[in-house]
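Welcome! Please take a moment with the sequence and the 3D view below, and then read on for a guided walk through them.

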Amino acid sequence: MTELEKMLAGQPYRPGDAQLAEMRAAAQRLMKRYNATTLDDATLRREILDELLGSLGERGAIRTPFSVDYGAHIHLGDDVFMNYGCVLLDVCEIRIGDGTQIGPGVQIYAADHPREPEIRAQGLECGKPVIIGRNVWIGGHAIIVPGVTVGDDAIIGAGSAVTRDVPAGATVAGNPARPI
């Protein structure tokens, strides 16, 4: 398997691999272009996001600045809104459903590190996909960690650290996030 294939499968991989480094560099170039745009640049923004992201639904909006690792592993449904300063670390797939609203400074991490110190000492990293359903509301500065699934119609309170799955329709808040 290539390091990219290992990464996407959630297996330990070498992040310094030449192919992965070039993919991150390409994403950085696209982020730099995107983050230099304004709302007046709607057509250019769409063109850049179409190139950066794995898939992008209709009528979505992503405020700048916006940061990703690769971009190619991010899939956004229709009408997704991301406010200023969101960070999506997409070493594995990040999928966000239609109509989801994401507050400023939200961080979604598919990137992880092995728990075993000897594997970390080898410079290996890993990841787990993050899946967010449709019509979810994520409050500002929430953090969603690797491997979490958030069900449709859920609400995540501002500043929450979501460390486990959130059922459909649930409201969670806190650190770690718990049902309220």
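## A first tour

At 1% relative accessibility, Y34 counts as buried, where buried means under 20% relative accessible area, exposed over 50% and partly exposed in between (1.4 Å probe, protein chains only). Before going further, note that this is a predicted model, in which local features need pLDDT of at least 70 and side-chain atom pairs count only at pLDDT 80 or more, while totals for chains, interfaces and linings use all residues. Residues are numbered from 1 along each chain as its sequence is written, and side-chain values use heavy atoms, with hydrogens and water left out.

**An aromatic pair**

A search of the whole structure finds one aromatic pair. Y34 and F66 form this pair, with 6.4 Å centre to centre and 70° between the planes, which makes it edge-to-face. Rings of Phe, Tyr and Trp (its six-membered ring) pair if their centres lie within 6.5 Å; planes under 30 degrees apart count as stacked, over 60 as edge-to-face and the rest as tilted. The two residues are 32 apart, and the pair links distant parts of the chain: Y34 sits in helix α2 (residues 18-35) and F66 in strand β3 (residues 66-68). Helices (H or I, at least four residues) and strands (E, at least two) are DSSP runs, numbered from the N terminus. F66 is buried too, with a relative accessible area of 1%.

**The largest pocket**

Y34 turns up again here: with R45, G60, A61 and I62, Y34 lies nearest the centre of the largest pocket, which is lined by 14 residues. The elements that give two or more residues to this lining are α3 (42-52) and β2. Of these, α3 gives the most, with four residues. What kinds of residues make up the lining of the largest pocket? They divide into eight nonpolar, two polar and four charged. Here Ala, Val, Leu, Ile, Met, Phe, Trp, Tyr, Cys and Pro count as nonpolar, Asp, Glu, Lys and Arg as charged, and the others, Gly among them, as polar.

The volume of the largest pocket is about 220 Å³. On a 1 Å grid over the protein atoms alone, a pocket is an open set of points where a 1.4 Å probe fits, with protein on both sides within 12 Å along at least five of seven lines; lining residues have an atom within 4 Å of a point. Grid points are joined across faces, edges and corners, and the volume is the space filled by probe spheres set on the points.

**Two open sheets**

One open sheet has seven strands in the order β2-β5-β8-β13-β16-β18-β19, with mixed pairing. β2 (61-62) and β19 stand at its edges, each with a single partner strand, so one side of each is left without a neighbour in the sheet. Two strands pair if DSSP finds at least two bridges between them.

Strand β18 (residues 171-174) pairs with strand β16 (residues 155-156) in the parallel sense over two bridges, and T171 in β18 is the bridge partner of I155. Three bridges also join β18 to strand β19 (residues 177-179), and these two run antiparallel. There, A173 has R178 as its bridge partner, and V172 stands opposite P179. A hairpin joins β18 to β19 through two residues.

The other open sheet is made of five strands in the order β1-β4-β7-β12-β15, with parallel pairing. At its edges stand β1 (55-56) and β15 (149-150), each with a single partner strand, so one side of each has no neighbour in the sheet. Strand β12 (residues 130-132) runs parallel to β15, joined by two bridges, and I132 has V150 as its bridge partner in β15.

**Backbone details**

Most residues other than glycine have a negative phi, and most peptide bonds are trans. The table gathers some departures from that pattern.

| Site | Backbone value | Place |
|---|---|---|
| T64 to P65 | cis, omega near 0° | P65: loop between β2 and β3 |
| N175 to P176 | cis, omega near -5° | P176: loop between β18 and β19 |
| D79 | positive phi of about 60° | loop between β4 (74-76) and β5 (81-82) |
| H141 | positive phi of about 60° | loop between β13 and β14 |

D79 is partly exposed, with a relative accessible area of 31%. H141 counts as exposed, at 53% relative accessibility. G140 is found in the loop between β13 (137-138) and β14 (143-144), and G140 is buried, with a relative accessible area of 18%.
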